[in-house]
Amino acid sequence: GPHGTLTVLSSQDWEQRQEEDTLLIERILLLLRNVLHVPPDPVEEQGVDGDASVHDRVLWALHISGMDDLLKFLASAQTEQQWALHVLEIISLMFRDQNPEELAALGQGQAGAEHGEDTRELETLRQRELAEKRARALQRPSRHSRFGGSYVLQGLKAIGDRDIIFHKGLHNLKNYSHDLGKEPRRVPRRRQAA
């Protein structure tokens, strides 16, 4: 079928393609566009409410065959840019009967659910990591570390309105500046004072 032919042709290297291959790809894309372009006929499509329209059934057939993934490939592959307008037209026809607000809300719902799941997974991983850290700390022999401790500098704000935490030894505190650890700014030669 058209999908198989397109898959074979699009997997060929651009240089290997014959002129008739290129023509065939174009004809398949135009066929697809023309099928999707057929306007709905309310008299013909008097189904029960909630029945899938002819347009929806065509979209479902495209999805089942994997044609939607193929279109995504043609739209995003650097070497297939010549088909960009055909693909764009096909995609806009696929969404012809859709209301943008509803589509966005659908995506949001799914994304929201996935986001919640991701957050829970991350929290579980974080708890496990903390437990492992504690276990390691208990096993470690106690010997003096060179780490001088952390100090909170009150009255000096870091990013996001938190107090600054200073990790170097207290004897370095008098040299503290916000630029600690940053590369010194280089002044272009033409801007340097004479």
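A residue is called exposed when its relative accessible area is over 50%, and buried when that value is under 20%. These two words carry much of what follows. The model described here is predicted.

**The chain as a whole**

The protein chain has six helices and two strands. Along the sequence they run α-α-α-α-α-α-β-β. The chain holds 194 residues, and 16% of them are buried. The accessible surface comes to about 16,200 Å². Carbon and sulfur atoms supply 55% of that surface. Among contacts with a separation of 6 or more, 44% link residues 24 or more positions apart.

**Helix α5 and its two faces**

Helix α5 spans residues 84-94. Its buried residues are His86, Val87, Ile90, Leu93 and Met94. They share one side of α5, because they cover an arc of only 125 degrees around the axis. An α-helix has 3.6 residues a turn, so residues three or four places apart point the same way.

What covers the buried residues of α5? The cover includes three other helices: α2 (19-37), α3 (54-65) and α4 (67-76).

The face turned away from the buried side looks otherwise. Leu85 and Leu88 are found there, and both are exposed.

**Salt bridges**

How many salt bridges does a search of the whole structure find? The search finds three. Side chains of opposite charge can pair when their charged atoms come close. The table gives each pair with its closest N and O atoms.

| Salt bridge | Closest N and O atoms |
|---|---|
| Glutamate 89 and arginine 33 | 3.4 Å |
| Lysine 72 and aspartate 69 | 3.5 Å |
| Arginine 126 and glutamate 123 | 3.4 Å |

Take the pair of glutamate 89 and arginine 33, whose closest N and O atoms are 3.4 Å apart. Glutamate 89 belongs to helix α5 and arginine 33 to helix α2, so this pair ties together parts that are 56 residues apart in sequence. Glutamate 89 is partly exposed, at a relative accessible area of 30%. Arginine 33 is also partly exposed, at 22%. Helix α2 thus appears twice in this account: it helps cover the buried residues of α5, and it holds arginine 33, the salt-bridge partner of glutamate 89.

Next come lysine 72 and aspartate 69. Both sit in helix α4, three residues apart, which means about one helical turn separates them. Lysine 72 counts as exposed, with 54% relative accessibility. Aspartate 69 counts as partly exposed, with 46%.

The pair of arginine 126 and glutamate 123 lies in helix α6, which covers residues 100-139. These two are three residues apart, so about one helical turn lies between them. Arginine 126 is partly exposed at 46% relative accessibility. Glutamate 123 is partly exposed as well, at 35%.

**A nonpolar patch on the surface**

Which residues form a nonpolar patch on the surface? They are Ile91, Phe95, Leu103 and Leu106. Together they have about 350 Å² of accessible area. One of them, leucine 106, is found in helix α6. Leucine 106 counts as exposed, because its relative accessibility is 61% and the cut-off for exposed is over 50%.

**In brief**

Helix α5 has its buried residues on one side and exposed Leu85 and Leu88 on the face turned away. A salt bridge joins its glutamate 89 to arginine 33 of helix α2. The pair in α4 and the pair in α6 each lie within a single helix.

How values were computed: Residues numbered from 1 in each chain as written. Predicted model: local features only at pLDDT ≥ 70, side-chain atom pairs only at ≥ 80, totals over all residues. Heavy atoms only, no water. Buried < 20%, exposed > 50% of the residue type's maximum accessible area, 1.4 Å probe, protein only. Helix = DSSP H or I, 4+ residues; strand = E, 2+ residues; numbered from the N terminus. Arc of directions from axis to C-beta. Contact = heavy atoms within 4.5 Å. Salt bridge = Lys/Arg side-chain N within 4 Å of Asp/Glu carboxyl O. Patch = residues over 30% accessible without salt bridge, like charges linked within 9 Å, V, L, I, M, F, W, Y side chains within 5 Å. Areas by Shrake-Rupley, 256 points an atom, 1.4 Å probe, with all protein chains shown as cover.
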